[in-house]
Amino acid sequence: MLSRDDAAQVAKVLSEALPYIRRFVGKTLVIKYGGNAMESDELKTGFARDIVLMKAVGINPVVVHGGGPQIGDLLKRLSIESHFIDGMRVTDSATMDVVEMVLGGQVNKDIVNLINRHGGQALGLTGKDANLIRARKLKVTRQTPEMTQPEIIDIGQVGEVESINAELINRLVNGNFIPVIAPIGVGKDGESYNINADLVAGKVAEALKAEKLMLLTNIAGLMDKSGKVLTGLSTEQVDALIADGTIYGGMLPKIRCALEAVQGGVHSAHIVDGRVPNAVLLEIFTDSGVGTLITNNRPA
């Protein structure tokens with residue numbers, strides 16, 4: 001039972017959050033969960049509680065998760081060597097079996113169980129369930145100045161999203177469930193595809209016309225060349241930062257995913273520091289947030 005002081009503190013916090021809650025009631029938020037946010041028991045518990053609280057106050061969270069480190073650990077134990085091309089795991093049939101086992105089994109069920117233990121009604125899915133994520137093989141090309149034609153590189157069963165079954169997700173959301181989606185797609189002939197979780201989250205957010213796309217990562221946000229976190233960016237400003245080299249390397253795919261989402265109808269995208277306790281709620285219920293905000297609005 002809460003003491004009088006604790007009750008007063010709770011009332012104060014709720015009164016401050018109420019305007020934000022009203023703003024987002026009935027809205028859908030897609031959250032990509034993975035990386036450092038999945039490694040600490042404290043952060044995992046905080047994430048589950050945040051998701052349950054969002055649903056309890058009338059906001060509709062949809063979770064898309066990764067699991068790269070867990071896949072790598074099991075491959076190592078099975079003596080299956082990992083290879084990467086342009087940051088993507090080369091996925092032969094043996095590796096795909098491990099991907100499905102880890103993402104669709106272990107990681108997905110752990111997240112579902114954690115949310116349910118804290119009072120939610122989470123339901124786990126892979127993209128193969130009811131053709132949730134239709135996919136096609138990802139073509140990777142590489143070209144150097146010496147080449148007359150680009151080289152096509154086969155990286156196996158790595159895919160890109162062709163379509164999302166938004167009707168299925170909406171049915172679950174409207175049924176008071178919290179969908180938890182593993183980024184495994186299915187091809188036209190039933191073949192499985194390993195897909196980057198950020199890309200799946202972006203396409204899910206587009207298909208649902210979500211209010212927000214939140215990408216939890218292991219940095220404070222998008223930074224300028226002096227190390228200052230940038231926020232309140234338009235798509236035009238982000239394009240300029242890519243052009244001048246401020247955004248480069250491993251951050252490019254995440255930023256491009258956020259850009260495509262807001263250009264595809266998502267109201268805003270957020271690059272959020274998943275190492276911060278309660279990062280999801282802080283990004284929603286405070287003015288300053290804990291990361292980088294990107295919208296399709298023109299700068300003032």
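## Buried sites, helices and cores in the predicted model

Gly-67 counts as buried because its relative accessibility is 8%, under the 20% that sets the limit for burial. In this predicted model, Gly-67 is found in the loop that runs between strand β2 (60-65) and helix α3 (68-77). When residues up to four places away in sequence are not counted, Gly-67 touches Val-102 and Leu-103; Leu-103 also appears in a core of 40 residues described further below.

Gly-67 is listed by UniProt, in an unreviewed entry, under "binding site", together with Gly-68, Arg-89 and Asn-194. These positions span 128 residues in sequence, yet no two of their C-alpha atoms are more than 12.1 Å apart, and they therefore gather at one spot. Gly-67, Gly-68, Arg-89 and Asn-194 are included in the lining of the largest pocket of the model.

Arg-89, which lies in strand β4 (residues 88-89), also counts as buried, because its relative accessibility is 12%. Its contacts, residues up to four places away in sequence not being counted, include Gly-68, which is touched along with Ile-71, Gly-72 and Leu-75. Arg-89 further touches Ser-82, His-83, Phe-84, Thr-95, Ile-155 and Val-158 under that condition, and with Ser-82 there is, in addition, a polar contact of 2.9 Å that joins the two side chains.

A further charged residue, Lys-32, lies in strand β1 (residues 28-33) and is buried, with a relative accessible area of 11%. Residues up to four places away in sequence again being left out, Lys-32 touches Ala-197, Asp-198 and Ala-201, each of which is among the buried residues of helix α6. The contacts of Lys-32 also include Val-64, Gly-66 and Lys-254, as well as Met-214, Leu-215 and Leu-216, and strand β13 covers residues 212-217.

Helix α6 (residues 197-208) has 12 residues and reaches 16 Å from its first C-alpha to its last, close to the 16 Å expected at 1.5 Å a residue. Of these 12 residues, 9 are buried, so the helix is largely enclosed by the rest of the structure; the buried set consists of Ala-197, Asp-198, Val-200, Ala-201, Gly-202, Val-204, Ala-205, Glu-206 and Leu-208. At the start of α6, a side-chain oxygen of Asn-196 reaches to within 2.9 Å of the backbone nitrogen of Asp-198, while just after the helix Lys-209 takes a positive phi of about 50°.

The loop between α6 and β13 (212-217) holds Glu-211, which is buried, with a relative accessible area of 16%. Although Glu-211 and Lys-27 are 184 residues apart along the chain, their C-alpha atoms are separated by 6.0 Å. Neighbours within four places in sequence aside, Glu-211 is in contact with Phe-24, Lys-27, Thr-28 and Leu-29, and also with Val-266, His-267 and Ser-268.

Helix α2 (residues 41-56) has 16 residues and reaches 22 Å between its first and last C-alpha atoms, close to the 22 Å expected at 1.5 Å a residue. The N-terminal end of α2 is capped by Ser-40, a side-chain oxygen of which lies 3.2 Å from the backbone nitrogen of Glu-42, and just after the helix Gly-58 takes a positive phi of about 100°. The buried residues of α2 are Leu-43, Gly-46, Phe-47, Ala-48, Asp-50, Ile-51, Val-52, Met-54 and Lys-55.

The largest nonpolar core has 43 residues, and those with the most contacts inside it are Val-30, Ile-169, Val-204, Leu-213, Ile-247 and Ile-255. Helix α8 (residues 251-263) provides the largest share of this core, 8 residues. Val-204, a buried residue of α6, is in contact with Val-30, Val-62, Val-64, Ile-164 and Ile-169 when its neighbours within four places in sequence are left aside. A second, separate core of 40 residues includes Ile-21, Leu-74, Leu-103 and Val-112.

For the protein as a whole, there are 9 helices and 16 strands, and 48% of the 300 residues count as buried. Among contacts with a separation of 6 or more, 73% are accounted for by residues 24 or more positions apart.

Definitions and conventions. Residues numbered from 1 in each chain as written. Predicted model: local features only at pLDDT ≥ 70, side-chain atom pairs only at ≥ 80, totals over all residues. Heavy atoms only, no water. Helix = DSSP H or I, 4+ residues; strand = E, 2+ residues; numbered from the N terminus. Expected span 1.5 Å × (residues − 1). Buried < 20%, exposed > 50% of the residue type's maximum accessible area, 1.4 Å probe, protein only. Polar contact = N/O pair within 3.5 Å; in protein donor to acceptor, adjacent residues only side chain to side chain. UniProt positions renumbered as here; feature names shortened; annotations may be inferred. 1 Å grid on protein atoms, 1.4 Å probe; cavity = no way out; pocket = protein on both sides within 12 Å on 5 of 7 lines; lining within 4 Å. Contact = heavy atoms within 4.5 Å. Core = buried A, V, L, I, M, F, W, Y, C linked by side-chain atoms within 4.5 Å.
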